[in-house]
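Open the model in a viewer and keep the sequence panel visible. The tour below goes from one selection to the next and says what is found at each stop.

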Amino acid sequence: MGTELLRTQGLEKHFGGVTAVDDVDYSVSTGETVALIGPNGAGKTTFFNLLTGSLSPSAGTVEFRDDGEWVDVTDFDTHETAQAGIHRSYQVTNIFPTSTVRENVRVAAQAHGSDTHRFWRHADSFEDYHAETTRILERVGLGDLADRPAQALSHGEKRHLELAIALAGDPDLLLLDEPAAGVSSESVDEVVDLIRDVAQDHAVLLVEHNMDVVMDLADRITVLHRGALIADGEPEAVRADERVREAYLGGYGSDDDPTAGDSRPDDAGDGAGDGDGDTAATDGGVA
Ligand SMILES: Nc1ncnc2c1ncn2[C@@H]1O[C@H](COP(=O)(O)OP(=O)(O)OP(=O)(O)O)[C@@H](O)[C@H]1O
């Protein structure tokens, strides 16, 4: 695997009495595709928000390697983390509905090119931005739709455009927030192929409930449960981990899987602090 790109130490977030993220030490390296999984309310979205600067942590640090140097991005806002190279796609939409698909991507590329201190890898003139935009649109399968207003795209196409906008920011690390959510079952393979392609030249951290997608894509799986990291390792090891199975996966993938054919784990609705008395895996340390 590559070199460490992102690391968190003692990361915590409290909302009143709720501990949404609980003392998480974590890292992502270049070349990795990592899936962050866990039940509803486990803290996945909050963790993403801490990485992108949408939320400030209650404690701990987030560091990102920019041009070989570790930068403390703990107090960065979303604009600053994007400049540093952390981009988020899906669930958070930056689309301008009345602009064309091409304009949406070109503006994102140009905005990044004009306000970054880093050398923008692919462009330094309008023509270059145009060419780069074309390249990105082709890559996400929107080349033929470049001149349509964004609002005329289908739901699935809009999600591809969101990814194109994130790519236009020239990210080192892409955070993908439930990329398969709301995608028809026939189109899930397309999403998987697209992410696999993008993962060839970006580190990817994705939150996803669809375990078929997770197993297809992830080099490593990290499991959060009630804010704490309870497992972190290769997919097969995590899948076999008893605490993970109790906390989240249930019978996923087993011969007697009662949810066979349903790629979403059963019992994924165990929210933090839901008071159901289920203490499974809450005392587990990091695997
Ligand atoms: N702004 C907030 N104010 C208060 N509590 C919050 C806030 N945001 C999240 N929480 C709580 O923090 C915990 C973690 O929530 P989070 O949304 O991060 O979980 P998640 O793993 O992303 O869940 P899901 O899979 O349902 O999206 C939950 O108990 C949630 O209710």
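**Strand 10.** Begin by selecting residues 228–233, which are strand 10. Of its six residues five are buried, so strand 10 is largely enclosed by the rest of the structure. Buried here means that 20 or more other C-beta atoms lie within 10 Å of a residue's own; exposed means 12 or fewer, partly exposed covers what is in between, and the C-beta atoms are placed from the backbone. Helices and strands are DSSP runs numbered from the N terminus: H or I over at least four residues for helices, E over at least two for strands.

This is a predicted model, in which local features need pLDDT of at least 70 and side-chain atom pairs count only at pLDDT 80 or more, while totals for chains, interfaces and linings use all residues. Residue numbers start from 1 along each chain as its sequence is written.

**The hairpin.** Add strand 9 (residues 220–225), which pairs with strand 10 in the antiparallel sense over five bridges. Strands count as paired if DSSP finds at least two bridges between them. To see one bridge, pick Val 223, whose partner in strand 10 is Ala 231. Two residues lie between the strands of this hairpin, and Arg 226 takes a positive phi near 50° there.

**The open sheet.** Now widen the selection to the six strands of the open sheet, which run in the order 6-7-8-3-9-10 with mixed pairing. Strand 6 (86–89) and strand 10 are the edge strands, each pairing on one side only. From one strand to the next the twist averages 20°; the axes behind this angle are lines fitted to C-alpha atoms (for helices, over the stretch in contact), and angles run from 0 to 180 degrees between N-to-C directions.

**Strand 8.** Within the sheet, select 203–207, strand 8. Five of its five residues are buried, so strand 8 is largely enclosed by the rest of the structure. In a regular strand the side chains alternate between the two faces of the sheet. Show the side chains: Ala 203, Leu 205 and Val 207 point one way from strand 8, Val 204 and Leu 206 point the other way, and all are buried.

Which residues are bridge partners of Val 204 in strand 8? Leu 174 is one, and Thr 33 is another. Strand 3 (residues 33–37) pairs with strand 8 in the parallel sense over four bridges. Strand 7 and strand 8 also pair in the parallel sense, over five bridges. Leu 176 stands opposite Leu 206 in strand 8.

**Helix 6.** Go next to residues 188–198, helix 6, and colour its buried residues, Val 191, Ile 195 and Val 198. Looking down the axis of helix 6, these buried residues fall within an arc of 60°, so they line one face of the helix. The arc is that of the directions from the helix axis to the C-beta atoms. Among the elements that cover the buried residues of helix 6 are helix 5 (155–168), strand 7 (173–177), strand 8 and helix 7 (211–217).

**The two domains.** Colour domain 1 (1–85 + 172–287) and domain 2 (94–170) separately; their bounds come from an automatic or database domain assignment. Ten residues of domain 1 are in contact with twelve residues of domain 2, contact meaning that the C-beta atoms of two residues, placed from the backbone, lie within 7 Å. On the domain 1 side, helix 2 (78–84) and helix 6 each supply at least two of the touching residues. Helix 6 gives the most, with three residues.

**Two loops.** Which residue in the loop between strand 4 (59–66) and strand 5 (69–72) should be selected? Asp 67 lies there, with a positive phi of about 50° although it is not a glycine. Asp 67 counts as exposed, having 11 C-beta neighbours inside 10 Å. Then move to Glu 178, in the loop between strand 7 and helix 6. Glu 178 also has a positive phi of about 50° and is not a glycine; with 17 other C-beta atoms within 10 Å, Glu 178 is partly exposed.

**The whole chain.** Finally, zoom out to the nine helices and ten strands of the protein chain. Of its 287 residues, 43% count as buried.
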